[in-house]
Amino acid sequence: MSAKQWKVGIFLFHEVEVLDFAGPFEVFSVTTLLDGHKPFIVHTVSEHGDLISDRNGLKVQPDFCFTNIPEVDMLIIPGGYGAEEIHNENVLRWLQTQNTKVDILASVCTGALLLAKAGVLNGLKATTHWMDTHRLENEFPTVSVQRNVKFIEEGHILISGGISAGINMAFHLVARICGKTVANETTKRTEYDIVL
């Protein structure tokens, strides 16, 4: 069980899928150790720190931008239509840099496309939302696309399938970092039907 408080960053962008980021945000935010200690502190970040309009119009104000976010131990890259950020060179460079700094880099849904475009999935197994596995396979032939899995762990990189699969991945990370007892207490608190 880890004694340190993990700093978690979640990347936001226009048209991000809400549950892709809100699911892991909730899991890490509510996790509490048996002594009452909070093992995770969660921040959101966008390229410029401006108000983000998410999928279906939800407005979210990120905590930080690329230039002022404190160093994080874990970075979550969600998906959604906004994953078209794959054409944003500034985002891709930031992801490449973060990959060399963080202990854990994780994607949810089509966030895998961003990581693949940044080159951090070359030679690795990966997955994404089932509707986008062909796109991931066709556009990034150096990535070994896996189907019918909730998430894949490749060293310090974790890649989950679509939308709710990011919650499964988050619980897996809680179990890995804090132990299964804490993780199962968190699933009970959130009434999420999963046994770790």
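# Exercises on a predicted model

E84 is partly exposed, with a relative accessible area of 38%. The structure that holds this residue is a predicted model. The exercises start from E84.

**Exercise 1.** With which residue does E84 form a salt bridge, and where in the chain do the two partners lie?

*Solution.*
- Step 1. The partner of E84 is R135, and the closest N and O atoms are 3.0 Å apart.
- Step 2. This pair links distant parts of the chain: E84 is in the loop between β6 (74-77) and α2 (89-101), while R135 belongs to helix α4 (residues 133-139). In sequence, E84 and R135 are 51 residues apart.
- Step 3. R135 has a relative accessible area of 24%, so it is classed as partly exposed. The class holds because buried would need a value under 20% and exposed one over 50%.

**Exercise 2.** Which residue forms a salt bridge with R147, and how many residues apart are the two?

*Solution.*
- Step 1. R147 pairs with E137, with 3.0 Å between the closest N and O atoms.
- Step 2. R147 sits in the loop between β9 (144-145) and β10 (151-154), and E137 is in helix α4; the separation is ten residues.
- Step 3. With relative accessible areas of 35% for R147 and 32% for E137, R147 is partly exposed and E137 is partly exposed.
- Step 4. Elsewhere, K4, D73 and D103 are joined into one network by salt bridges that share partners.

**Exercise 3.** What is the distance between the closest N and O atoms in the salt bridge of R55 with E15, and which parts of the chain does the pair link?

*Solution.*
- Step 1. The distance between those atoms is 4.0 Å.
- Step 2. R55 is found in the loop between β3 (52-53) and β4 (59-60), and E15 in the loop between β1 (6-11) and α1 (18-30), 40 residues apart.
- Step 3. The relative accessible area is 24% for R55, which means that R55 is partly exposed. The value for E15 is 32%, so E15 is partly exposed as well.
- Step 4. The search of the whole structure gives seven salt bridges.

**Exercise 4.** Is S160 buried or exposed, and which residues does it touch beyond four places in sequence?

*Solution.*
- Step 1. S160 lies in strand β11 (residues 157-160).
- Step 2. Its relative accessible area is 0%, so S160 is buried.
- Step 3. Beyond four places in sequence, S160 touches S107, V108, C109, T127, T128, K150, F151, A165, G166 and M169.

**Exercise 5.** Which residues have the most contacts inside the largest nonpolar core, and which helix gives the largest share of this core?

*Solution.*
- Step 1. The core has 63 residues, and those with the most contacts inside it are F28, F40, M74, L95 and L121.
- Step 2. Helix α5 (residues 165-178) gives the largest share of this core, nine residues.
- Step 3. Take M74: beyond four places in sequence, its contacts include F28, F40, L173 and I177.

**Exercise 6.** What are the volumes of the largest pocket and the second largest pocket, and how do their linings divide by class?

*Solution.*
- Step 1. The volume of the largest pocket is about 310 Å³, and that of the second largest is about 200 Å³.
- Step 2. The largest pocket has 14 lining residues, with G80, Y81, C109, T110 and D132 nearest its centre. Its lining holds six nonpolar, three polar and five charged residues.
- Step 3. The second largest pocket has 13 lining residues, with T128, H129, W130, N148 and V149 nearest its centre. Here three residues of the lining are nonpolar, eight polar and two charged.

Note on methods:
Residues numbered from 1 in each chain as written. Predicted model: local features only at pLDDT ≥ 70, side-chain atom pairs only at ≥ 80, totals over all residues. Heavy atoms only, no water. Helix = DSSP H or I, 4+ residues; strand = E, 2+ residues; numbered from the N terminus. Buried < 20%, exposed > 50% of the residue type's maximum accessible area, 1.4 Å probe, protein only. Contact = heavy atoms within 4.5 Å. Salt bridge = Lys/Arg side-chain N within 4 Å of Asp/Glu carboxyl O. 1 Å grid on protein atoms, 1.4 Å probe; cavity = no way out; pocket = protein on both sides within 12 Å on 5 of 7 lines; lining within 4 Å. Points joined across faces, edges and corners; volume = space filled by probe spheres on them. Nonpolar A, V, L, I, M, F, W, Y, C, P; charged D, E, K, R; others polar. Core = buried A, V, L, I, M, F, W, Y, C linked by side-chain atoms within 4.5 Å.
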